[in-house]
Amino acid sequence: MPNMKLTRRSTLLGMAGGLLAAPMLAYHPAMAATPKRLMMPKLDEGKLQDGLRQFSLSVAMGQTEFLPGIQTDTIGINADFLGPVLLLRANETARLNVTNLLSEQIALHWHGLNLPARMDGGPHQPIAPAATWQPEFPVLGRAGTYWYHAHQHGKTGEHVWKGMAGVIRVEDDEEASVPLPRSYGNDDFILVLQDRRFDAAGQIPYAPNMHDKMAGLQGDQMLVNGQIGPELSVEVPLIRLRVLNGSNGSIYRLHFADGHGFTQIASDGGLLASPVILSDSLLAPGERAEFLLDVSDGTPALLLAELFGAEAPFSGSNGIRDLLRIAPVRKWQAQPPLPQRLSELEAIPRQTGERRSFVLSMSGQGMMGDLLINGAKYDHQRIDFSVAAGSTETWVFENRTEMLHPMHVHAGQFHIVSRNGKPPPPQEAGLKDVVLTHPGEVVEVRMTLPDYRDKDAPYMLHCHILEHEDAGMMGQFTVV
Ligand SMILES: [Cu+2]
């Protein structure tokens, strides 16, 4: 450990002063603390009551020890930071009882699920302090890794930054019939990837500056399930990693330090048709991917995240951060090959409804304008368009900005039809609810809209860089 210069402040604060200095330096590998065991969020199966799978979720302030000896103020859901993994089963009806124990209004959105707009938890379903909101919906989704997160308009970035998010795992019969690791915490792991910027007091105030509002807020400290620098000890030769990019504004290029290959088996909306072997994977805010990692050779693997498409926020950082050390406890025999068929993924459906264009642009000169969809900022009172229930539409995102925008559509899953006129790569050939659009790119997606008609309650369509969303890069549509 380098000499810590004694300042008046650290002398006054004694031990705590030394610890307070840690966050400023901790991204340096030499400062890495002893690895902690990676914790899994609690798996919450809910309770079957009155024919409904019921969950009780309380959103409250908490205190979390990210940095040794320092309590950081956070928001959690049945926890101090983040929330439980909600286990939903296809064809059951779920009821989520969400109680707001904060002193301000919140919203909690079920990201990726096909459900009625009134149950969606967007900005039109606010939960007042001390109130309980009880959305109820049949689970129509395919098995996969979804998530839930804050969505109070103008506050989404702040609430997620503080910890208001969690994972939803949906199970169904098709996925259960494929021989894959699925024993939670043994061979099947959740990795919620986020980054945070700590102040000198070890707190994570939400204070994006002008640059952060444009680039998306990023921190220099990586968190995996709310932990800095954890280690995963593995007692089986093949593991499944369900990865969520739960960050506010960071696009991560995931890869292993030694170039270790891995296999993607699922995207946002569940299993791909066939496994895809990768040496790296790009994951934007809101996106999920499931990977299989073969560790049968007994060699530890270090998972890294490289910041993609944005300058590293802190000098001295090359933009590559250690995420997770995966340490097999022994060596095993070589593993049999994976099944080549994972699921009967439906082909891209034929368009039966409209084709719509969404131009992403920025107003004004230089880098300080408003981010717009079809020339407009979000207006809570304005429904931008309506779509016919059950119809299949083609939506074209045309990114005319200099930035990357991960575009998210509520109400279910879509297929990516093309990127700049070419078919997407195989890892994007499954179902998606977020699509990363690059500067100058034209991306075509096709989506079958829900069967739930509601002329008053809209679904949202927005950029998942939360600072862009909060600044108004969002539109809304009804299904009629
Ligand atoms: Cu954006």
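Visitor: How do the residues lining the second largest cavity divide into nonpolar, polar and charged?

Guide: They divide into six nonpolar, two polar and no charged, where Ala, Val, Leu, Ile, Met, Phe, Trp, Tyr, Cys and Pro count as nonpolar, Asp, Glu, Lys and Arg as charged, and the others, Gly among them, as polar. The lining consists of P41, L82, G83, V85, A165, G166, V167 and V192, so G83 and G166 are counted as polar by that rule. This is a predicted model, in which local features need pLDDT of at least 70 and side-chain atom pairs count only at pLDDT 80 or more, while totals for chains, interfaces and linings use all residues. Residues are numbered from 1 along each chain as its sequence is written, and side-chain values use heavy atoms, with hydrogens and water left out.

Visitor: Why is a space of this kind called a cavity?

Guide: On a 1 Å grid over the protein atoms alone, a cavity is a set of points where a 1.4 Å probe fits but cannot get out, and lining residues have an atom within 4 Å of a point. The structure holds two cavities of 30 Å³ or more, with volumes of about 60 Å³ for the largest and about 40 Å³ for the second largest.

Visitor: Which strand supplies the largest share of the lining of the largest cavity?

Guide: That share, three residues, comes from β21, a strand being a DSSP run of E with at least two residues, numbered from the N terminus. β16 (238-245), β17 (252-256) and β21 (288-294) each supply at least two lining residues, and the lining of this cavity divides into nine nonpolar, no polar and no charged.

Key
On a 1 Å grid over the protein atoms alone, a cavity is a set of points where a 1.4 Å probe fits but cannot get out, and a pocket is an open set with protein on both sides within 12 Å along at least five of seven lines; lining residues have an atom within 4 Å of a point. Grid points are joined across faces, edges and corners, and a volume is the space filled by probe spheres set on the points. Helices (H or I, at least four residues) and strands (E, at least two) are DSSP runs, numbered from the N terminus.
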